Structure formats: C-alpha cells, structure tokens
Amino acid sequence: MNFTARRITSTCRSISGSNLLPTSARWARRSYAFQAAAPPVHQVFNRHTKWLQRERAARDIETGRISDFLKDEVAVRVCERLLDIKRLYPRVLDFGANSCNVARALTRQNPDPNPNAPVSEPIATKIGHLLAVDSSESMLYRDADLDFNTQINMTREVLAHEETLPYDANTFDLVLSSSSMHWINDLPGVLAQINNILKPDCAFIGAMFGGDTLYELRTSLQLAEQERRGGISPHVSPLADVRDVGGLLQKAGFKMLTVDVDDIIVDYPSVFILMEDLQSMGESNAVLGREMGPIQRDVLLATDAIYRELHGNEDGTVPATFRTIHMIGWKESKDQAQPLPRGSGEVSLKDILENK
C-alpha cells in the first residue's frame, strides 16, 4: 500500500466584534491509503492498426493463401515437436491462430520427418478438441471452407482483446502459438496467462519471429533514408531477442524450458515483391510513432539498389531472413521430473565424450 499526506490550508478571518474564530491560518494533515497501481505496459505496437492490416489481408483470399507459405512452414515445425511427446491432448488451445495454420499442419499426412518412419498418422489423431482463437475474425475464418476443417475436431473463437485470455485456470492440456506473439505488447503478461490456463505438467509450445528477422531490409532502408533524407524512421518492427525469451518464460512460471532458433531464408525477385508479400501476410509495420503514409519513391529505389549491393544473390534475387524463436515451457507440477542437486552427478560428461 502507498500512503500520501495531503496538506490542507484553511484561512479563517476574524469577524469584527467576535472572538469565536481564530485570526491565524489553521493547518491540518490527513492521510489517505490507496491501492498501488500496476506497472504500466510499454506500448510498442498500435493494436488497431495491426487489426486493420490483418483484416485487409484476409479479404484477398487467394493472394493471402499464397503468401501464407511462411506461416505454414513455421506451423509445421511447431507441430513436429509434438512427435517427441508421447501424450494425448483432450483440450488444446491455438493462441493467435491467424488463418488456422496450426490446424492445417496437424492434419498433414505422414508428419514424421524421420526417414525410418515414412508412414505416420496425422498429429491430429492425438488431439481431442482444438480451440483456435484470434482477434481478427476475417483472418480466423478465411479458410473455413477448406478440407482440413473436416479432418480435426476444431472450434474457432474471436477474442475481444488479443492480450487477454478469458479462460479459467487449469483448462487446457496443451497451448500452441505460431507466428503471432511477436505483435504482443505485454508479452510477459500473456505468457503468465498461458501458464495459468494450462493444467499442471502440461506444455506450452510456441514460435514467433524475433532477433535478426528481416535484418537485410532493415539495414537497407536505414541506409537509403540516411542518404536521401538525412535521417531514419522505424519501418521494421522491433523484435524480441532469443536471450530474452528464456527469461520471460521463467518469469511467467514455466519449468523445463527449451528455447532454440531456426532461420528460414526466402529469395525474392526484388525488395518490392518482399514488401508486397509482407503486406499480404498482414505483417506490415505497426509501430507506434511510425511515419504515416507510404515510403517515398526515391527512398524505395535506393533501398532496392542498396539491398542488392549488400545482400543480393548471384542470380539477381534478394534474400530475406526470417528468424524463428521456438520455445517450450511446462507448467509446474508436483509429479514433474526435477533436476538433481548441483554436484550430485556420479558420471563425468567429459569421460563419456572422450570415449566416443
């Protein structure tokens, strides 16, 4: 509790012919107790702008499905991690479902990349019910007419706020998230909510873009603006670093953490096609305080020239790096495996490696 003292000064003037009121100022101190406010959430992204971008992208259905190749690939790599966990999942949440890329990946035939297991059942056979949630209704229902919807028991739900999960504690056996959490302002708060709605000893498996994603575009735009305008403005959104994600998961209460990085490099004919693809995916810039309106033509032409000079391939294409941060965290449970005390090991890892 925080306490504050308020000083009240009341001046009373003497009334002629009366001694009832003092002639000097009277001072009084009163103390008030009030609940301390929660620390403010640092706002980086404009939520409404991002919602509009995703709604517009979802309306161009055919172009959006073509541009979704990247999110589909990330969703496949997220779901492949379930192959190493021998469990069934009665209730699963897909948080930030986009166009239900995770559901599509769960219904793939022969999902096991192991060459010794060329035939394997779809991962959807492990799922009892999948709840796909997103704040963009148009994006969430864009592919509701495709065949994969009949191959998995799934329900869609539109969230009023993408950073608020309106579910009771200990509700889900698994929470998945693919290619959406990099637009969250309050990432620590969302991770804490995910931990809360998971059942004990159940996992959160997620992936988001971070680190050096689109570093080629970022550096080329900065150099082009510096040359043509004498200054720079943010055109590529800031992203979390892999070194921060583990700490955020630990702070949210997750145990047995696993964090790794996966780079996906896509070659584009030009920087203009890359920007069109980002727009079709709903991944355009939404930073608060960004410069409004399109980038000037001379800056774009300079960006394309610098991009090709610094990062271009020999065949004339330009590479775009998408760095994906994969994370796994488990909700704490009494029955969970615990690490042994430090120094209690009886076998040296050095001896094992040297004998190989």
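A residue is called buried when its relative accessible area is under 20%, exposed when that area is over 50%, and partly exposed in between. With a relative accessible area of 22%, D72 is therefore partly exposed. The structure described here is a predicted model, and the account below moves from the whole chain to its salt bridges, its nonpolar cores and some single sites.

## The chain as a whole

The protein chain holds 11 helices and 9 strands, and of its 356 residues 44% are buried. Among contacts with a separation of 6 or more, 81% are made by residues that stand 24 or more positions apart in the chain. The accessible surface of the protein chain amounts to about 19900 Å², and carbon and sulfur atoms account for 51% of that surface.

## Salt bridges

The count of salt bridges in this model comes to 21. Three of these pairs are set out here with the distance between their N and O atoms.

| Pair | N to O distance |
|---|---|
| R104 and D72 | 3.0 Å |
| R77 and E73 | 2.7 Å |
| E227 and R228 | 3.4 Å |

The side chains of R104 and D72 meet in a salt bridge. This pair links distant parts of the chain, since R104 lies in helix α4 (residues 101–106) and D72 in helix α3 (residues 69–80), with their positions 32 residues apart in sequence.

The bridge between R77 and E73 has another setting, for these two residues are 4 residues apart in helix α3 and are therefore separated by about one helical turn. R77 counts as partly exposed because its relative accessibility is 21%, and E73, at 32% relative accessibility, also counts as partly exposed.

In the salt bridge of E227 with R228, E227 counts as exposed because its relative accessibility is 53%, whereas R228 is partly exposed, with a relative accessible area of 42%. Elsewhere, salt bridges that share partners join E62, R65, D68, D72, R104, R142, D143 and D145 into one network.

## Nonpolar cores

The largest nonpolar core has 49 residues, and those that touch the most other members are L106, I205, L217, L274 and F322. Helix α3 supplies the largest share of this core, with 6 residues. Leaving out residues up to four places away in sequence, I205 touches several residues, among them V78, R81, L82 and I85, as well as L174, V175, M327 and I328. A second, separate core of 27 residues includes V175, I194, L198 and M327.

L198, a member of this second core, has its place in strand β7, which covers residues 198–209. L198 counts as buried because its relative accessible area is 0%. Apart from neighbours within four places in sequence, L198 is in contact with N170, T171, F172, D173, L174, V175, A203, F204, F254 and K331. L198 and Y167 are 31 residues apart in sequence, and their C-alpha atoms are 9.8 Å apart in space.

## Helix α8

Within helix α8, which spans residues 242–251, V245, L248 and L249 are buried. Seen down the axis of α8, the buried residues fall within an arc of 100 degrees, so they line one face of the helix. These buried residues pack against α6 (187–197), β7, β8 (254–268) and β9. The face turned away from the buried side of α8 carries the exposed residues R243, Q250 and K251. Just after α8, G253 takes a positive phi of about 100 degrees.

## Two loop sites and a surface patch

Two residues in loops offer a contrast: is each of them buried or exposed? S135 is found in the loop between β4 (127–134) and α5 (137–140), and it counts as buried because its relative accessibility is 17%. Setting aside neighbours within four places in sequence, S135 is in contact with W51, R54, V158, L159 and E162.

V347, in turn, is found in the loop between β9 (318–331) and α11 (349–354), and it counts as exposed because its relative accessibility is 64%. Together with L349, I352 and L353, V347 makes a nonpolar surface patch of about 410 Å².

Definitions and conventions: Residues numbered from 1 in each chain as written. Predicted model: local features only at pLDDT ≥ 70, side-chain atom pairs only at ≥ 80, totals over all residues. Heavy atoms only, no water. Buried < 20%, exposed > 50% of the residue type's maximum accessible area, 1.4 Å probe, protein only. Contact = heavy atoms within 4.5 Å. Patch = residues over 30% accessible without salt bridge, like charges linked within 9 Å, V, L, I, M, F, W, Y side chains within 5 Å. Areas by Shrake-Rupley, 256 points an atom, 1.4 Å probe, with all protein chains shown as cover. Salt bridge = Lys/Arg side-chain N within 4 Å of Asp/Glu carboxyl O. Core = buried A, V, L, I, M, F, W, Y, C linked by side-chain atoms within 4.5 Å. Arc of directions from axis to C-beta.
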